[in-house]
Amino acid sequence: MSEKTIQEEIQAIIPDLFPKLEPEFDWELVKNFYEFLKRDNEKGGFFSRNDSEKILERHIIESLIFVWKLKVTGYVSRETNVADVGTGPGLPGFLFALLKKAPHVFLVDSQKRKLALLETEIETGSLSKVKKRVEFIYARTEEINSNFDVVTSRAMVPYPYIAEVTTRMVKQKGILCPFLAQPYQDLDKETEVLSNNGFFMKKEIPIPELEFVGKRHIKILQKNSLPKKGFPRDWKEIVKETKSKNG
């Protein structure tokens, strides 16, 4: 019996949604990225033991749906410059580069251990087709001054402080799109952190399609102004506050 294709594997997990995803992505590249994550997992320390058995469901499919949602809601197109911060081995940001109409993708991580393996795979391996549309930035997020249209992040810094850490990266009228699990309860703190750093909540996109892995949603935070005086604060201050917030 022949092995299942990546499309068949994914279709078995999300049968209703897959027909919407299918025309959007280059499936050979999705398969090659999945193979790369499995092959180099141990070398790069990408996933915990528990997660490494569920790379397809928890990482590939989750990231595909995140990317697809931002594309079909009109926030990402071929002309967009997208930066994914704390990307590790390229999750979820590298999946933007696997769209048939891919934006320009910048993958940001201060640690080379995971991300440099992906860079090598793009330079000389099975993902070389995307070379022209992916760039690598090895730096701490809070030290980057840039003008990205869209900045994404999955669980790098606790929400809403991700807005403070990334504010210098997002251009005026650009958006920050954190990919989140549980709803954030402290609405006063959320409003305060967002407004201190020039953002306002434009939209929240629920992702019921991912209920099989748990609750997931995307916030669309638009940067409407420069941060207030004194913001963003020093990284140590932000860490102190996130720790006291999370007990």
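This is a chat about a predicted model, its sheet, its pockets and one loop residue.

User: Before we start, what should I know about the numbering and the pLDDT limits?
Analyst: Residues are numbered from 1 along each chain as its sequence is written, and side-chain values use heavy atoms, with hydrogens and water left out. Since the model is predicted, local features need pLDDT of at least 70 and side-chain atom pairs count only at pLDDT 80 or more, while totals for chains, interfaces and linings use all residues.

User: Cool. What's the strand order in the sheet?
Analyst: The open sheet has 7 strands in the order β3-β2-β1-β4-β5-β7-β6, with mixed pairing. Strands (E, at least two residues) and helices (H or I, at least four) are DSSP runs numbered from the N terminus, and two strands pair if DSSP finds at least two bridges between them.

User: Which strands stand at the edges?
Analyst: β3 (134-137) and β6 (199-206) do; each has a single partner strand, so one side of each is left without a neighbour in the sheet. On average, neighbouring strands are turned by 20° against each other, direction ignored.

User: And which helices pack on the sheet?
Analyst: Helix α5 (residues 55-72) touches β4 (148-154), β5 (170-180), β6 and β7 (217-223), and its direction makes about 150° with that of β4. Helix α6 (residues 112-124) touches β2 and β3, at about 150° to the direction of β3. Contact means heavy atoms within 4.5 Å; axes are lines fitted to C-alpha atoms, for helices over the stretch in contact, with angles from 0 to 180 degrees between N-to-C directions.

User: Back to the strands. In what sense do β4 and β5 pair, parallel or antiparallel?
Analyst: Parallel, over 6 bridges. Serine 153 has proline 178 in β5 as its bridge partner, and arginine 154 stands opposite phenylalanine 179. On the other hand, β5 and β7 pair in the antiparallel sense over 4 bridges, with leucine 180 opposite histidine 217.

User: Are those two, β4 and β5, buried or exposed?
Analyst: For β4, 7 of its 7 residues are buried. In β5, 8 of the 11 residues are buried, so β5 is largely enclosed by the rest of the structure. Buried means under 20% relative accessible area, exposed over 50%, and partly exposed in between (1.4 Å probe, protein chains only).

User: New topic: what volume does the largest pocket have?
Analyst: About 500 Å³. A pocket is an open set of points on a 1 Å grid over the protein atoms alone, where a 1.4 Å probe fits, with protein on both sides within 12 Å along at least five of seven lines; lining residues have an atom within 4 Å of a point. Grid points are joined across faces, edges and corners, and the volume is the space filled by probe spheres set on the points.

User: Which residues lie nearest its centre?
Analyst: Of the 25 residues lining the largest pocket, Gly86, Thr87, Gly88, Asp109 and Met156 lie nearest the centre.

User: How much space lies in the second largest pocket?
Analyst: About 360 Å³. It is lined by 19 residues, and the closest to its centre are Arg154, Ala155, Phe179, Leu180 and Ala181. The elements giving two or more residues to this lining are α5, β4 and β5.

User: Last one: where does leucine 210 lie, and what does it touch?
Analyst: Leucine 210 lies in the loop between β6 and β7. Not counting residues up to four places away in sequence, leucine 210 touches Glu62, Ile65, Phe179 and Arg216. Leucine 210 has 0% relative accessibility, so it counts as buried.
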